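Trainee: I'm new to this one. Could you walk me through a few spots in the backbone?

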Amino acid sequence: MYNKIDFSKIDLTAEPPAEEPARQYYYIAKCRQYVKSASERLGRTLTSTVVTFGCQMNARDSEKLAGILECVGYQMSDCEEADLVIYNTCTVRDNANQRVYGRLGVLHGFKKKNPHMKIALCGCMMQEESVIEKLRKSYRFIDLIFGTHNIFKFAELLCTMFESGRTVIDIWKDTDKIVEDLPVERKYPFKSGINIMFGCNNFCSYCIVPYVRGRERSRSPEDIVKEIKTLAADGVVEIMLLGQNVNSYGKNLEKPTSFAGLLKEAEKIDGIERIRFMTSHPKDLSDELIEAMKHSEKICRHLHLPLQSGSTRILQAMNRRYTKEQYLSLAEKIRKEIPDIAITTDIIVGFPGETMEDIEETIDVVKKVRFDNAFTFIYSKRTGTPAASMPDQVPEEIVKEGFDKLLKTVQDTARNQVARWQGQTLPALVEEQNAQDNTLLTGRLSNNTIVHFPGDASLIGRIVHVRLKECHGFYYMGEAVETPKF
Ligand code: SF4
């Protein structure tokens, strides 16, 4: 494991190893020298910040980048005037791209004041050719650009950046490589994401992810279990297994295995109290998984099951490969088998060709499934996806009318769903002190609902039984009824 490596003992006069992760350890050692000598020149410690846009997968990638940066000698900070700023970008919606361009202008201003400053960009947006062209032409102050497939060689790229003094651009079109045992700097000491697979094979017609993250690749169950055991030994009590479509985990392994099988293995690990996962594609959600969840003491009572649309006609155009009826019967089965589960979802409004009747179908599903929460998005056209060239892009007034109506239904059903726990006492993992009032703690229930209650910071990272006194729409105010033993 990397934390047993003494980087100062690596022989930098030798050729870099060809094998991973030894090759990256070599470059970490080399980067340490560059950072050390720059620190000595400037008479201060160099600082770095990683800014994450987008999803949980990116958040986990950012922890890996931060892990390398700490190893090479940067002090991590939240300030974008740091000596090295990395934007880990998202491209799922166009406004995510626009935000990055906007903020790059601000970074350029900081760089003019601090000529030692380095700016790096990575993540999904970098996998788009048009983005790279634009950056090459109009954002020449950027020092390092890399993509999603070669993030494992961040240390090597950093080294090239230090040595070359020019902009380094390295984008891979795809990869089948998964490199284990690289440094990670977790944001929370008590909970952690774990990538179980990368990429996606589904090609939903609106989605750019398969083009920027590549085809599905699962990590071996042995590597995942080993990582979870290490995390448990390090004090982690809650894990979140991450993949674009966790329900198809293991299908492409040499010895195929199922996601439910992996969950059962994770469940056996001492010290792990809670297991979450994200994201489930409805078409691949198996009875085996429902059974595993039903009988588990550790798998959280929360399932995020993206619906996207309740109209079978639109679902077909989206290439989702389930119908309205199939989704409804799946949700019904889940609610019947696991009555205390919270089901949340994602919904897109304004997909090409969508009419008010289609949106009414979606509203019908929201009412029938009674989602505990739903993330509603206006369709964003992504160049290169089949939906981008579909006729009948939806007029703005229909999108607005449909979106508002849908949102109101979601809020009503979610409020009623969350209110069902009123008066109960449930275990909450304490995540942090409340940002507005530091006499309050913020905890998360197994069903993902947030509860604020009086308590002191020593409880952060512990599971506390909390009585849910008042429901405030999407969260509760409560009181601790039992504090854990230390
Ligand atoms: S399942 Fe569909 S929406 Fe999800 S990442 Fe894959 S292509 Fe995109």
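Mentor: Sure, here are some questions about peptide bonds and phi angles, and keep in mind that this is a predicted model.

Trainee: Is the peptide bond from Glu 20 to Pro 21 cis or trans, and what is omega there?

Mentor: First, find the place: Pro 21 sits in the segment before α1, the helix covering 22–42. The bond leading into Pro 21 from Glu 20 has omega near 0°. That bond is cis.

Trainee: Where is Thr 279, the residue that follows the cis bond from Met 278?

Mentor: Start with the bond from Met 278 to Thr 279, which has omega near 5°. Strand β11 spans 274–278 and helix α9 spans 287–294. Thr 279 is in the loop between β11 and α9.

Trainee: What is phi of Asn 319, and is Asn 319 buried, partly exposed or exposed?

Mentor: Look in the loop between α10 (312–317) and α11 (324–337), where Asn 319 is found. Asn 319 is not a glycine, yet its phi is positive, near 60°. Its relative accessibility is 29%, and buried would need under 20% while exposed would need over 50%. So Asn 319 counts as partly exposed.

Trainee: How about Arg 370: which loop holds it, and what is its relative accessible area?

Mentor: Arg 370 is another non-glycine residue with a positive phi, about 55°. The loop that holds Arg 370 runs between α12 (356–369) and β14 (373–378). Arg 370 is partly exposed, and its relative accessible area is 37%.

Methods. Residues numbered from 1 in each chain as written. Predicted model: local features only at pLDDT ≥ 70, side-chain atom pairs only at ≥ 80, totals over all residues. Heavy atoms only, no water. Helix = DSSP H or I, 4+ residues; strand = E, 2+ residues; numbered from the N terminus. Buried < 20%, exposed > 50% of the residue type's maximum accessible area, 1.4 Å probe, protein only.
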